Amino acid sequence: MRSHNKMVLKPNVGNLLMRILLVASDPAEYAVVRISNAIRASGIECAILQPRELTFNVSGYIQPVESWLGRFSFIVFRNLAGPEWGFVRTIRYTMLAASQQLTKRVLNGESYYKFPVLSKLAQTVLLRSAGLQAPRSIYMAGQDEFPFGFPCIVKANFGSRGNDVHLVKEQSDWHRLCGTYGIGNVIMQEYLPGTHDYRVLVIGREAVGLHKRVAPSGDFRTNYTVGGQLVEVEPELADEIKEMAIASAQVFRCDFCGVDLRYSAEGELNVLEINRSAGFEGMEEVMGIPAGQYFSEYIIKMASRPQ
């Protein structure tokens, strides 16, 4: 078990060398280990702290809020889940709202400031408002409206890695999920039939990784974490998929994100969702794309900018 002294985010003094902080619920997560090792290999200090190791010191509010990052020049939030997610979200938004200058010192800072909570509902509305195709969706309090018929997709309004995504085949499935999650905590979407979709990793304004995800036998989900197979993308589709992924990332002002897309039966490319803390284990291990290296280089570039 790792042991750390509790870290207090408080004013710092003087000019310090570049230091990067990763805040992560699981320090052993593949992406956290990969990023931190790559940053350290560049000769830069990189600390990993769990949310319970942070205290947000607001007693010195007369100090410039920019100094609340303490001795760190840049901060990255990863894989936050459960009660810790709400705690860190509150800290993060308070810092960014108090000083938009801090958006330059937090990965996805502009996105977190503009969209502190990025639910599945908000994603669909904002994508469609920007003129990007996304599955037709409804968010409702009633339990017996089925405009898309069956089967349809039901998702928890918050979730990732294929968790809390369900293929609903009949009315009883819908009632069961409403009982599990509670009315108002799920979103219903039209089902786009198919056995595969696409994942794009966007860093900066560049698509640095792209692959096709094929659902395992007996499952409609394609996520690598649930057994999805990763394969090369059809060359004739690559440009269109990358362009829509980059456009989607810009809608949410993301420095870094994973974008999932799928074609409809009519051949229309749809954005399924955006993940601001996307994993890339499969992209590296299966596809051979050095996503972690690209990511760490981008973080160092961002941290090197004048404060």
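Val202 stands opposite Cys257 in strand 13. That pairing is a good way into this predicted model. Strand 13 covers residues 256-263 and runs antiparallel to strand 10, with six bridges between them. Strand 10 has a second antiparallel partner, strand 11, residues 206-214. Eight bridges join strand 10 to strand 11. One opposed pair here is Arg199 with His211 of strand 11. Strands 10 and 11 form a hairpin with two residues between the strands. In that hairpin, Gly204 adopts a positive phi near 65°.

How much of strand 10 is buried? Seven of its eight residues are, so the rest of the structure largely encloses this strand.

Now step back to the whole chain. It holds eight helices and 14 strands. Of its 307 residues, 50% are buried. Take the contacts between residues at least 6 apart in sequence: 68% of them join residues at least 24 apart.

Next comes the interior. In soluble globular proteins, nonpolar side chains tend to be buried together. In this model the largest nonpolar core has 30 residues. Which of them touch the most other members? Leu201 and Phe280 do. Several elements supply at least two residues each: strand 2 (19-24), helix 1 (30-41), strand 3 (45-49), strand 5 (74-78), strand 10 (196-203) and helix 8 (291-303). Helix 8 gives the largest share, seven residues. Apart from this core lies another, of 26 residues. Leu127, Leu210, Ala238 and Phe252 are among its members.

Helix 8 deserves a closer look. Its buried residues are Ala291, Gly292, Phe295, Ser296, Tyr298, Ile299, Ile300, Met302 and Ala303. The cover over these buried residues includes strand 2, helix 1, strand 5, strand 10, strand 13 and helix 7. The helix geometry can be checked as well. With 13 residues at 1.5 Å a residue, helix 8 should span 18 Å. Its end C-alpha atoms are 18 Å apart, so the two values agree.

Return to Phe280. This residue sits in the loop between strand 14 (269-275) and helix 7 (281-285). Is Phe280 buried or exposed? Its relative accessibility is 2%, below the 20% limit, so Phe280 counts as buried. Beyond its neighbours within four places in sequence, Phe280 contacts Tyr30, Ala31, Arg34, Ile35, Leu201, Phe256, Ala291, Gly292 and Phe295. Leu201 and Phe280, the two residues that touch the most other core members, are therefore in contact with each other.

Aromatic rings add another layer. The whole structure contains nine aromatic pairs. A pair of aromatic rings is described by the distance of the centres and the angle of the planes. Phe146 and Phe150 make a tilted pair, 5.0 Å centre to centre with 45° between the planes. Neither angle limit is crossed: 45° is not under 30 degrees and not over 60, so the pair is classed as tilted. Phe146 is partly exposed, at 22% relative accessibility. Phe150 is partly exposed too, at 35%.

Phe280 and Phe295 form an edge-to-face pair, 6.3 Å centre to centre with 85° between the planes. This pair links distant parts of the chain, with Phe295 in helix 8 and the two positions 15 residues apart in numbering. Phe295 is buried, with a relative accessible area of 0%. Tyr30, Phe256, Phe280 and Phe295 together form one aromatic cluster.

Two arginines also lie over ring faces. Arg89 is placed over the face of Trp85, 4.4 Å from the ring centre. Arg92 is placed over the face of Phe77, at 5.1 Å from the ring centre.

The last stop is strand 9, residues 186-190. What covers its two faces in terms of burial? On one side Val186, Met188 and Glu190 are buried, and on the other Ile187 and Gln189 are. Five of the five residues are buried, so strand 9 is largely enclosed by the rest of the structure. Strand 9 also has two antiparallel partners described here. Strand 6 (residues 137-138) joins strand 9 through two bridges, and Ile138 has Met188 as its bridge partner. Strand 7 (residues 152-156) joins strand 9 through five bridges. There, Ala156 stands opposite Val186.

How values were computed:
Residues are numbered from 1 along each chain as its sequence is written. This is a predicted model: local features need pLDDT of at least 70, side-chain atom pairs count only at pLDDT 80 or more; totals for chains, interfaces and linings use all residues. Side-chain values use heavy atoms; hydrogens and water are left out. A nonpolar core is a set of buried Ala, Val, Leu, Ile, Met, Phe, Trp, Tyr and Cys residues joined through side-chain atoms within 4.5 Å. Buried means under 20% relative accessible area, exposed over 50%, partly exposed in between (1.4 Å probe, protein chains only). Helices (H or I, at least four residues) and strands (E, at least two) are DSSP runs, numbered from the N terminus. Contact means heavy atoms within 4.5 Å. Two strands pair if DSSP finds at least two bridges between them. Rings of Phe, Tyr and Trp (its six-membered ring) pair if their centres lie within 6.5 Å; planes under 30 degrees apart count as stacked, over 60 as edge-to-face and the rest as tilted. A charge sits over a ring if NZ of Lys or CZ of Arg is within 6 Å of the ring centre and within 35 degrees of the ring normal. The expected span of a helix is 1.5 Å times one less than its number of residues.
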